[in-house]
Amino acid sequence: MLSYYYCLGRDVKLLIIGQTLLFFQMGTTQLILPLYFAKLGLDGMQIGSIITAGQLTSALTALPFGMIADKYGKKIFVLMGALLSGASFLAFGVLSCFVHLLVAGLVAGIGNGMVFASIYAWMVDVTAVEKRKEVFSLSAAMISLGFIVSSIAGWFPPFLREGFGFHELDSYRPVIYLPGLLAFLAIPVFLAAKRDSISISKRGFLPRKSLRAITKMGIVNAMIGFGAGFVIPLFSYWFYLRFGVDETVLAPLYIVANAILMFSFLLAPRLADSFGTMRTIVYSQAIATGLLVLIPMVESYLVVALLYIVRGLLMNMVAPLVDSFILGLIDADERATLSGVMAISWNAPNSATPTIGGYLMQNVSLSMPFYLCGFLYGSAIFMFYLFFHEKDRDTPCSRENLPRTKRSRY
């Protein structure tokens, strides 16, 4: 499995290292910031507003940033995004006024929108066709590793309070500053990487050559995001309602699930070579969807925990294969636009359904959100196969549009 990742080129390594440093923020954002904001005295509505402001801003700005990056270059947007992201985390640790923190959340969202719209398209620009699956899989594995480490760092504040007598708020700040400092460290790493390709065409900002493929993938991505919102962000809440377990029981489960997922990312290219990219994606996600629907029918917590891990592994391990596959079908001048479409088509519908899922779990049925999610997942998987199964090979489009770099670079 590891032999697939030998001899990666300098530029690819730099982008993956920089991305890992930059995306270290993910675990901190989910685990530490809400608790820290609560300690500052913010109420639930204010905390939710700051988080939502960042997520929605990221989703809404990714598409326009992607269109501009396709025309004028991705590297500059990744650099600016890293700068804004780092500044926002330092601001989170310094500021205490709700309005100021809300502005910092908006800045973080703009920075993330810049990065999400450009980083993966930039990776394709410096990656040979035959190495694309490996690069995206290694990238996903390193992001997962960063999420695990940043999640474990959540145990650091109690250590500072009990071992060194830190004040409660001060014990959180080093964990909040760290993602900001790492984002700044990512900037020289990105600067050292080769500049991406820039469109020399006179087209406008809207995609033309790959419009059909981008539209189809946007539909599939929106259905998955819409379905995921019913269950995925509410899994811990569902575990609490169904089995009465809290974070002390769920934390090890989440860490183990993410650790296994990290290694599964590295295995994905081997599976794609053995079974074909399309078959690997469709079969893996179809089985995962079946396990998701099965979860609410099981009475044992241990069995459900096992299903939770296996389902997450099968559903998410092929995500790098999907990214690699789709970006390979898109014209070189329009890849950042695709990244923007992917971001907004997933985040916008995904932000709409957690409220519905929570209401259904609380007042209607613990099982219904799973069935709705499973139906949408199944429909999206079928549509993905219907739209793209004929492209499961090196198509003339992908051969013409991808950069012709030498294998020796990798």
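Trainee: In which helix is Asn221 found?
Mentor: This is a predicted model, and its secondary structure comes to 19 helices and zero strands. Among those helices, the one in which Asn221 is found is H10.

Trainee: Does Asn221 count as buried or exposed?
Mentor: The relative accessibility of Asn221 is 10%, and the cut-off for burial is under 20%. Because 10% falls under that cut-off, Asn221 counts as buried.

Trainee: Which residue offers its backbone oxygen at 2.7 Å from a polar atom of the Asn221 side chain?
Mentor: Leaving aside residues up to four places away in sequence, Asn221 touches Met342, Ser345 and Trp346. The backbone oxygen that lies 2.7 Å from a polar atom of the Asn221 side chain belongs to Met342.

Trainee: At what angle do helix H10 and helix H17 pack?
Mentor: Two packed helices are described by the angle between their axes together with the distance between the axes. Here H10, residues 211-231, and H17, residues 354-364, have axes 6 Å apart, and H10 passes H17 in a right-handed crossing. The angle at which they pack is about 35°.

Trainee: How many charged residues does the contact of H10 with H17 have?
Mentor: From H10, the residues Gly229, Phe230 and Val231 meet Pro354, Ile356, Gly357 and Met361 of H17. By class, this contact has five nonpolar and two polar residues, and the number of charged residues is zero.

Trainee: What percentage of the residues in the protein chain is buried?
Mentor: The chain has 410 residues, and it exposes about 18100 Å², of which carbon and sulfur atoms supply 68%. The buried residues make up 55%.

Key:
Residues numbered from 1 in each chain as written. Predicted model: local features only at pLDDT ≥ 70, side-chain atom pairs only at ≥ 80, totals over all residues. Heavy atoms only, no water. Axes fitted to C-alpha atoms, helices over the stretch in contact; angles between N-to-C directions. Helix = DSSP H or I, 4+ residues; strand = E, 2+ residues; numbered from the N terminus. Left-handed = near helix turned anticlockwise from the far one by under 90°. Contact = heavy atoms within 4.5 Å. Nonpolar A, V, L, I, M, F, W, Y, C, P; charged D, E, K, R; others polar. Buried < 20%, exposed > 50% of the residue type's maximum accessible area, 1.4 Å probe, protein only. Areas by Shrake-Rupley, 256 points an atom, 1.4 Å probe, with all protein chains shown as cover. Polar contact = N/O pair within 3.5 Å; in protein donor to acceptor, adjacent residues only side chain to side chain.
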